[in-house]
Amino acid sequence: MTMAVPVTSPTDTREVVLRVENLKKYFPINRGVFQKHVGDVKAVDGVSFDVHRGETLGLVGESGCGKTTTGRTIIRLYEPTAGRVDFLGHDMALLKGESLRQMRQKMQMIFQDPYASLNPRMSVFRIVGEPLEVFHIAAGEERKDRVAELLELVGLNPDFMRRYPHEFSGGQRQRIGLARALALNPDLIICDEPISALDVSIQAQVVNLLEDLQEKLGLTYVFIAHDLSMVRHISNRVAVMYLGKIVELTDRDTLYSNPQHPYTQALLSAVPVPDPVVEEKRHRIILEGDLPSPANPPKGCNFNTRCPKVFDTCFEVEPDIVEIAPGHFCACHLLKGKA
């Protein structure tokens, strides 16, 4: 079962920009000469959350948990199998044609690979200026001035606009991608692991730039990552995903100081602490076994094959995600009495 209403912060009175309700994305498995449908890969399986204006929601979990698919389904790069994506009062899952095209002005994405996400045959001017041309926002000198303004905004020299992507470093390419995302003044930006392909020294620069732009422009982010230390730095709230489901969601400080789900506890125990005394005394939780296939998830709790605290109920009943404290949501049978 999945909670019917989105998990949200009870103290945040700001406008809800994005509301995701019971979102599912299944990829069909077809076999045989006639491509008979024999099953589904349940990449996203009943995800719910809210994102408020001006906040950053971190979406974390190990590779294959469905983070990127969630982001791409929200923005309709993938068609949702079920559920509702309410963006500024519009159900994105129902929009088509021109209505969808107009809403996409307000919802942009920064992709993980700064090398693959930029067209090598297009100059920086064409890459950043293309959204302005497509939506008939600016042309001629006005377009050139806007591209120059955007490049300055992300910390690049406007004189670079006639250069091509191969002439830039990874960090500079990611800044170009960010400038392209900002061209249409979006309300929401989905950041799909925007720093994972960059050097550590450059990662902090890009994250600091994202924070500065959020403060300056009032942006709202969904920040997808597997680097928990970086998510702690940039996020207001954090949702932890495992095998297509959210297992815990709360504000950043609570998650890192008082994690409740066994999977969250295991993830955080793997984050190194820059203090040798603390690091030596810290208990490291080692998860045994491999991540189950999303094409054949376990019965009951998805985490029951690797959980160090598993008991009989976990193999039979899927846990609901419930509020165990104000604004702190968790899906675990161990916490049933706290709800």
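**Figure 1. Helices α5 and α6 pack against strands of the eight-stranded sheet.** Helix α5 (residues 170–182) lies across β6 and β7 (188–192). Its direction runs at about 175° to β6. Helix α6 (residues 200–217) also packs on the sheet, touching β3, β6 and β8 (220–225). The direction of α6 makes about 160° with that of β8. Contact means heavy atoms within 4.5 Å. Axes are lines fitted to C-alpha atoms, for helices over the stretch in contact, and angles run from 0 to 180 degrees between N-to-C directions. Helices (H or I, at least four residues) and strands (E, at least two) are DSSP runs, numbered from the N terminus. The model is predicted: local features need pLDDT of at least 70, side-chain atom pairs count only at pLDDT 80 or more, and totals for chains, interfaces and linings use all residues. Residues are numbered from 1 along each chain as its sequence is written, and side-chain values use heavy atoms, with hydrogens and water left out.

**Figure 2. Eight strands form an open sheet with mixed pairing.** The order is β6-β7-β8-β3-β9-β10-β12-β11. Two strands pair if DSSP finds at least two bridges between them. β6 (107–110) and β11 (322–325) stand at the edges. Each has a single partner strand, so one side of each is left without a neighbour in the sheet. From one strand to the next, the twist averages 20°. Strand β3 (residues 56–60) pairs with strand β9 (residues 237–242) in the parallel sense, over 4 bridges. Gly58 has Val238 in β9 as its bridge partner.

**Figure 3. Four strands form a second view, an open antiparallel sheet.** The strand order is β2-β1-β4-β5. β2 and β5 (90–91) are the edge strands. Each has a single partner strand, so one side of each lacks a neighbour in the sheet. Strand β4 (residues 82–87) and β5 pair in the antiparallel sense over 2 bridges. Here Asp86 stands opposite Asp91 in β5. Helix α1 packs on the sheet, touching β1, β2 and β4. The direction of α1 makes about 110° with that of β1.

**Figure 4. Tyr242, Tyr263 and Phe303 are linked into a cluster by ring pairs.** The whole structure holds 5 aromatic pairs. Rings of Phe, Tyr and Trp (its six-membered ring) pair if their centres lie within 6.5 Å; planes under 30 degrees apart count as stacked, over 60 as edge-to-face and the rest as tilted. The rings of Tyr242 and Phe303 have centres 5.0 Å apart and planes at 80°, so this pair is edge-to-face. Tyr242 is in strand β9, and Phe303 is in the loop between α10 (276–281) and β11. The two residues are 61 residues apart, and the pair links distant parts of the chain. Both Tyr242 and Phe303 are buried (under 20% relative accessible area; exposed is over 50%, partly exposed in between; 1.4 Å probe, protein chains only).

**Figure 5. Helix α3 has buried residues, and an arginine sits over one of its rings.** Buried residues of α3 (residues 124–134) include Val124, Phe125, Ile127 and Leu132. Their cover includes α4 and α5. The charged end of Arg162 sits over the ring of Phe125, 4.5 Å from its centre. A charge sits over a ring if NZ of Lys or CZ of Arg is within 6 Å of the ring centre and within 35 degrees of the ring normal. Just after α3, His136 takes a positive phi of about 55°. The charged end of Arg101 sits over the ring of Phe135, 4.7 Å from its centre.

**Figure 6. Salt bridges join parts of the chain, among them Glu15 with Arg53 and Glu62 with Arg306.** The structure holds 16 salt bridges (a side-chain nitrogen of Lys or Arg within 4 Å of a carboxyl oxygen of Asp or Glu). In the pair of Glu15 and Arg53, the closest N and O atoms are 2.8 Å apart. Glu15 lies in the segment before β1 (16–31) and Arg53 in the loop between β2 (36–52) and β3, so the pair ties together parts 38 residues apart in sequence. Glu15, Arg53 and Asp187 are linked in a network of salt bridges. Glu62 and Arg306 have their closest N and O atoms 3.0 Å apart. Arg306 is buried, with a relative accessible area of 11%.
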